[in-house]
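Let's take a friendly walk through this model, looking at how its helices pack and how its domains are laid out.

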There are 2 protein chains.
Amino acid sequence: MEIIEESPSSSKGESRWLQVARRRLPILEWARRYDRLAAVADLVAGVTLGLMLVPQSLAYASLAGVPLQYGLYSSYIGTILYVFLGTVKEVSIGPTSLMALLTLQTCRHLPLESVVLLTFLSGCIVLLMGVLRLGCLVQLISPSVTSGFTSATAVIIMASQVKGLLGLSFTAETLLENIQKIIAKRGDVRLGDCLLGLVCCTVLLLLRKLKDVKVSPKRPKLQKALWLISISRNALVVTVAAVFAYCTYNPNKLLVKLSGYVEPGLPSIALPPFSITSENHTIPFTEMVHELGSGLLMIPFVMVLANIAIAKAFSGGGRVDATQEMVTLGLCNVAGALLHAMPACGAFTRSAVSHSSGVRSPAAGLYSGIITLLALMFITPYFYFIPKACISSVLICAVVFMVDIDIVRKLWRSSKSELVVVVLTFVVAVALTVELAVLAGALANLAMLLRAIMMPPLNVYTVKSSRGAAAVWAPAALLVYVNAERAARRAAAAAAAAAAAAAAAAHAHAPLLLDGGRLALLDHCAAQILERLANKLKSNGQRLIIFNVSAEVEETLSTLQHVDKSAFRSRTASEALAAASEPRDPETGPLLPAGHDHA
Amino acid sequence: MEIIEESPSSSKGESRWLQVARRRLPILEWARRYDRLAAVADLVAGVTLGLMLVPQSLAYASLAGVPLQYGLYSSYIGTILYVFLGTVKEVSIGPTSLMALLTLQTCRHLPLESVVLLTFLSGCIVLLMGVLRLGCLVQLISPSVTSGFTSATAVIIMASQVKGLLGLSFTAETLLENIQKIIAKRGDVRLGDCLLGLVCCTVLLLLRKLKDVKVSPKRPKLQKALWLISISRNALVVTVAAVFAYCTYNPNKLLVKLSGYVEPGLPSIALPPFSITSENHTIPFTEMVHELGSGLLMIPFVMVLANIAIAKAFSGGGRVDATQEMVTLGLCNVAGALLHAMPACGAFTRSAVSHSSGVRSPAAGLYSGIITLLALMFITPYFYFIPKACISSVLICAVVFMVDIDIVRKLWRSSKSELVVVVLTFVVAVALTVELAVLAGALANLAMLLRAIMMPPLNVYTVKSSRGAAAVWAPAALLVYVNAERAARRAAAAAAAAAAAAAAAAHAHAPLLLDGGRLALLDHCAAQILERLANKLKSNGQRLIIFNVSAEVEETLSTLQHVDKSAFRSRTASEALAAASEPRDPETGPLLPAGHDHA
């Protein structure tokens, strides 16, 4: 066997600038492979999403406490920009329940201008995070956290949509609050909404199964038609429900609750308000920023977290270009702020709908954006007729399959500690907030990793040779500041025991041998601790012999003065004993010339 | 060579209960070795500390915004309890500058009762942390953080004492504020205080050197006398200065500023106030707790941090029983709250003075406690005369040698990244607060460790054999959720390159071999990623062969279905290729009987 090369570099012979362009404008990459089938799928998914995005935008704007049209302002610029810059086909940038809630909490007592400034500054911070390449932080969110977070988000969304199915109206933030209010308002349940919701849900779930129906291979067109109907089920159901509502419309007695009136017209393009002048006084920029407070850090952080979690969930284990996602998200919000938008990011709900609609590329966002634009400009009267129960059904049927119960059974058998992380993330998300859940899950994972590093197995054994006994200490993986002190203390105890055993057997010496073969990292602090250990052993008449170390570990150890370096390259304990037993120690005498040594 | 035993257990043949008692009541341990010399040293150190503790307690009480006697209430119970429970001889539990500052910030607008409740609840939280054995968190504070923190604390204390030397009076929290106010008040500098401070500092520094003076070996008594004078220099200087102040006392024109009047008398023992009834209304417990806010978490955390940092700094690299320290600290504060104390913990200043006074055991605290008690009961008039400039001199001379400049030179040569941590901790401590500095330093260390784990060297090479080519991937140390995805992606790229090379050389197969020899930890997430990698390779006609794995890693991998397990025990790449090339794959045919294989 022969080593022929080390880690191949991936040069493809194309210019570096083209590579950067492909990376920063992902449309250049996927547009080359874009075909008619993908375009049809994207059109269906984009229109479906657009029909969903409009009432959703209104709902989230209302939740955030801003005028309804602000939701639509936030939708179209993000979705259209994402076509050019986005990397994950399921993502559409727009208002989300999480953003709406955080915006409400941050700007509850502030003027409307502060919301737009918040959007602008959040975009700048996210952009900065992207430019500083903080995307590697994605790796800190483990699949267990993503799973718990995804399931919890689905549960929260479903709970929040039950009221739509029942024809109830109230605002509630948490799962518990939703349940309480549904019970409290059980007398107001509307039969029409319930029936429509039931029908919509049933049809949606049946249509979802349609694409799996096996048709004779002789009829490929029928198979394709079934697939098309299946993936466009959301659009179909919404359209049919709206037509039904339009036909049976009686303004005095509504059969079902409708989405309602939306103010038409495009917003003017303007710089975000850097100060507010009211009749009485001017609020300067610094005071506006000060009033936004911790929300200014929280909202960008949650934006990035949400988008990256979505990207991870829908990338199917593939690579997530977190830097590009952050730059895109930042630009979407900065541009959004010029159009009076509220903070926007990707939403799990919409991603799930896109996914279930069979989206093929980010181009779908173009159609969603156009629909939002059209909604603002022309077709507002028609969106008026989309029944609320229908929207709730689409949302519920989109997220119900995101609840991953199977992972509990799997992890129960393979890794109980990961199960704890999943459950912790889920419970915190459902009981408190989603961002706290992600934080708690990530910290729990980190703590488990740190614990494994802090408490490694000792791995000390005693070897006997003709010369005497020796304790061999083979630390695993890392010897760093969090575990070196403890490991050194236990190794010293083992060395003392070996010395006692050697003395009992009337042997002369019992050195402590440190086998660095499995040691990948040794930091400065651990090196100092080894130096102290060597000194301590020396005072007991023992020696610390380090052998079988890698080049990096050898470099860290090279600055030490009291550690015996003669056996660093020895591969086995026997070799190390032989290498270190040459009389180099001042205590045992001066170094003899080579000839003398063998005489 | 022969392995004769694994990790010796330390059974000493004494009952488990006695061991627990020794651990929880450390006085049982050190009292056995306690002799007359140690008792004299402790008496001197204890009295010195007592003379220092009294004016310090007053100063910190004044800084915390509570009546002066509250400082003394906080001193005596902690110091006396620590005699029985404490493990670090230099520590004395009492008010500190840090505690005083945090108490002020937490209780600035709250009634005096809230301070006592804060002490009580902080003690309970620290006690809980001790019982839950959260003491292992000590290991997260690296020596670099401790060094930066220690130096910064010394600088802050010195800066805060300059005003005493100059005879100025003002309150300032930060280094910068101290400098500004000294410059602003330069006209008020008092000659008497300056001269006294200069004399005190000079005498203290000279007396410090006295114990190093070489005396003829024939006169051991003179040598001992010099040592005694040297280590009791603080008590000597304080007494002489107080006598001088008493003799030259003129109430109309003070030569130097004095410590001033202290209200005598012991506090009554009472449960901490769980609610406050004023003339208008009653503030219930929940509201009191709510008003204490984040201080309720911050103060216990900083207490533990401070005590553990002091314990680490003065334990000389030895072991710190963090659990015991936390239980003791918690009990001291719970007991203190019964005596109207403000929050108390160990102080770097006092520890340095104890250390330089030659303290030999925690018994010194008994004398300090008695002096504080006496101060409260009887001798208040005499403490009145201790000049402030003298106290400042003692403080400054105690901490000046704690500033570790040498470490900068050392780390510049051996580890620049550790130097960054030291400088970061120091700068944050001096510019902002000490607790933020410890947090920042610990996080910087953790981030560095995490970075090393997240970005390990790839370590992939290609081997050629008669059978074809194979890529060998030998991940170092840890394959966990923070690095497995990236490593697997790069390994897959290497495998693809190897396959291309094999195809070019008309070889049949080019498997990816994973050498687990240096792998200490493989988590559930990494196992899943390996499974996906195996699937991906299989779709390209390649195989993933894992070999040379430890028992723990084998266990984690055992639940996987698509990973070839036949070579797990092989030690080399050749062995692994041979073990895995037996036709076990369904694609290459059914498993042949053993006889057939060799035919």
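At what angle do helix α5 (residues 97-107) of chain A and α6(A) pack, and how far apart are their axes? The angle is about 125°, and the axes lie 10 Å apart. Before going on, please note that this is a predicted model, in which local features need pLDDT of at least 70, side-chain atom pairs count only at pLDDT 80 or more, and totals for chains, interfaces and linings use all residues. Residues are numbered from 1 along each chain as its sequence is written, while chains are lettered from A and ligands numbered from 1 in the order in which they are written.

**Three helix pairs**

Helices here are DSSP runs (H or I, at least four residues), and strands are runs of E of at least two, numbered from the N terminus. Axes are lines fitted to C-alpha atoms, for helices over the stretch in contact, and angles run from 0 to 180 degrees between N-to-C directions.

| Helix pair | Angle | Axis separation |
|---|---|---|
| α5(A) and α6(A) | about 125° | 10 Å |
| α6(A) and α14(A) | about 160° | 7 Å |
| α7(A) and α8(A) | about 20° | 9 Å |

Angles under 35 degrees count as roughly parallel, over 145 as roughly antiparallel, 65 to 115 as roughly perpendicular and the rest as oblique. With its angle of about 125°, α5(A) is therefore oblique to α6(A). Their crossing is right-handed (the near helix is turned clockwise from the far one by less than a right angle; anticlockwise would be left-handed). T103(A), T106(A) and C107(A) of α5(A) touch S114(A), V115(A) and L118(A) of α6(A), where contact means C-beta atoms, placed from the backbone, within 7 Å.

Helix α6 (residues 112-131) also packs against helix α14 (residues 322-338) at about 160°, so α6(A) is roughly antiparallel to α14(A). This crossing is left-handed. The contact holds 12 nonpolar, eight polar and no charged residues. Ala, Val, Leu, Ile, Met, Phe, Trp, Tyr, Cys and Pro count as nonpolar, Asp, Glu, Lys and Arg as charged, and the others, Gly among them, as polar.

Helix α7 (residues 143-166) meets helix α8 (residues 175-184) at about 20°, which means that α7(A) is roughly parallel to α8(A). Left-handed is the sense of the crossing of α7(A) and α8(A). Eight nonpolar, two polar and one charged residue make up the contact of α7(A) with α8(A).

**Domains**

The domain assignment, automatic or from a database, gives chain A domain 1 (25-172 + 189-406) and domain 2 (460-583). Taken over C-alpha atoms, their centres are 60 Å apart. An unreviewed UniProt entry lists residues 512-580 of chain A as "domain: STAS"; UniProt positions follow the numbering used here, feature names are shortened, and annotations may be inferred rather than shown by experiment. That span is 45% helix and 17% strand, with its end C-alpha atoms 12 Å apart.

Key. Two residues are in contact if their C-beta atoms, placed from the backbone, lie within 7 Å.
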